[in-house]
Amino acid sequence: MIEARHLRVLRAVATTGSFSAAGRELGCTQPAVSQQMKALEASVGTPLLIRSGREMRLTQAGEALVRHAAGILSGLTAAEEEVAAIAGLRAGRVRLVSFPSGSSTLVPTALAALRAAHPGTRVSLEEAEPPRSVELLRDGDCDLALAFRYEGAAGADDAGDAEDTGEWHDLVVRPLLRDRLVALVPERHRLARAASVAIGELAGEPWIAGCPRCRGQLIEVCESAGFTPRIDFATDDYPAVVGLVGAGLGVAVLPQLAVESVRPRGARTVTLEPPVRREIVALTLPDLAQVPAVAATLDELERAAARAGAATR
């Protein structure tokens, strides 16, 4: 196996014409140059230099290796400089996947701060709900996934602890926010001005449901209150949910973060009691967590979530 340090020595010997001159150029002793040349010849299995008294010249194999050494060493230098730039956050790329309400609230704040601090870091954004976003991360199609799960759901413990060994046991989990769900009712609804509402009080209403995971959580919460919701409409689009409620076509339960991203015209939010929350996290792979650009993005998402959490309290 040819080592880069041996190629540097060979090139110095070829340029200067002697071991002693090559040693002076490289800042090492003549014996050290001689030893490295012997190691290089052993690794390639053929002589590279012909020594005749004080004269030294390259063999045909030595000439070929010197010819290639320039390109190899320049490419290696370029690679080292690029890696150093990425490590120093002068450059870097992060592929981020987020669910829609995260994309419209947490992500813009985080990425604006990231760009201000590290303008050379580029972030691409794709939208996907969990579990699809988590699949993309595990498949290597993104570096960072913004995801959520409901407290008490399968894979999450009763306290909503993001460090448990549930569905994300193989990932690095950065807890960001516990997002409380609120009821959304038409502004002329009988409960529109209530201080809070139990979900059982909405048992007879037509419902507008969200994404598949949210829909499953809605059914679970309603059934725990003793009824099965009559879902008239289902859509992944939060503005559509708000529009349908605002038109008087039903009621809904939405995460507070989703409501913050939409102006609820014709609809009012009412606090749900007892509270139902979803846990919002940023996920990455253990090796990716060590990449400076990914680590910096995680930090900015955490700061954005702290600000969002303070604003919704």
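1. A quick word on terms before we start: contact here means heavy atoms within 4.5 Å. Please also keep in mind that this is a predicted model. With that in hand, Leu176 is a good place to begin. Leaving aside residues up to four places away in sequence, Leu176 touches Leu146, Ile280, Val281, Ala282, Leu301, Glu302 and Ala305.

2. Leu176 also belongs to a wider picture. The largest nonpolar core has 59 residues, and Leu176 is among those with the most contacts inside it, together with Leu146, Ile199, Leu202, Trp207 and Ile280. Helix 10, residues 292-312, gives the most to this core, contributing 8 residues. As background, nonpolar side chains tend to be buried together in soluble globular proteins.

3. A second core is worth a look as well. This one is separate, has 17 residues, and includes Val9, Ala12, Leu58 and Leu65. Val9 and Ala12 are also on the list of buried residues of helix 1, alongside His6, Leu7, Leu10 and Val13.

4. Helix 1 itself deserves a point. Running over residues 4-16, helix 1 has 13 residues and spans 18 Å from its first C-alpha to its last, close to the 18 Å expected at 1.5 Å a residue. What covers its buried residues? The cover includes helix 2 (19-26), helix 3 (30-44) and helix 4 (60-87), as well as strand 1 (49-52) and strand 2 (55-58). After helix 1 comes Gly17, with a positive phi near 90°.

5. Do have a look at Glu205, in the loop between strand 7 (196-197) and strand 8 (206-209). Is Glu205 buried or exposed? Its relative accessibility is 16%, so Glu205 counts as buried, the cut-off being under 20%. The side chain of Glu205 makes a polar contact of 2.8 Å with the side chain of His189. Not counting residues up to four places away in sequence, Glu205 touches Arg190, Arg230 and Val251 as well as His189.

6. Lastly, the cysteines. How many disulfides does the structure hold? The number is 0. For Cys222, the closest cysteine sulfur is in Cys214, at 13 Å, which is too far for a bond, because a disulfide needs the two sulfur atoms within 2.5 Å. Cys222 counts as buried, at 0% relative accessibility, whereas Cys28 is partly exposed, with a relative accessible area of 31%.

Notes
Residues are numbered from 1 along each chain as its sequence is written. This is a predicted model: local features need pLDDT of at least 70, side-chain atom pairs count only at pLDDT 80 or more; totals for chains, interfaces and linings use all residues. Side-chain values use heavy atoms; hydrogens and water are left out. Helices (H or I, at least four residues) and strands (E, at least two) are DSSP runs, numbered from the N terminus. The expected span of a helix is 1.5 Å times one less than its number of residues. Buried means under 20% relative accessible area, exposed over 50%, partly exposed in between (1.4 Å probe, protein chains only). A polar contact is a pair of N or O atoms within 3.5 Å; within protein, one must be able to donate a hydrogen and the other to accept it, and residues adjacent in sequence count only if both atoms are side-chain atoms. A nonpolar core is a set of buried Ala, Val, Leu, Ile, Met, Phe, Trp, Tyr and Cys residues joined through side-chain atoms within 4.5 Å.
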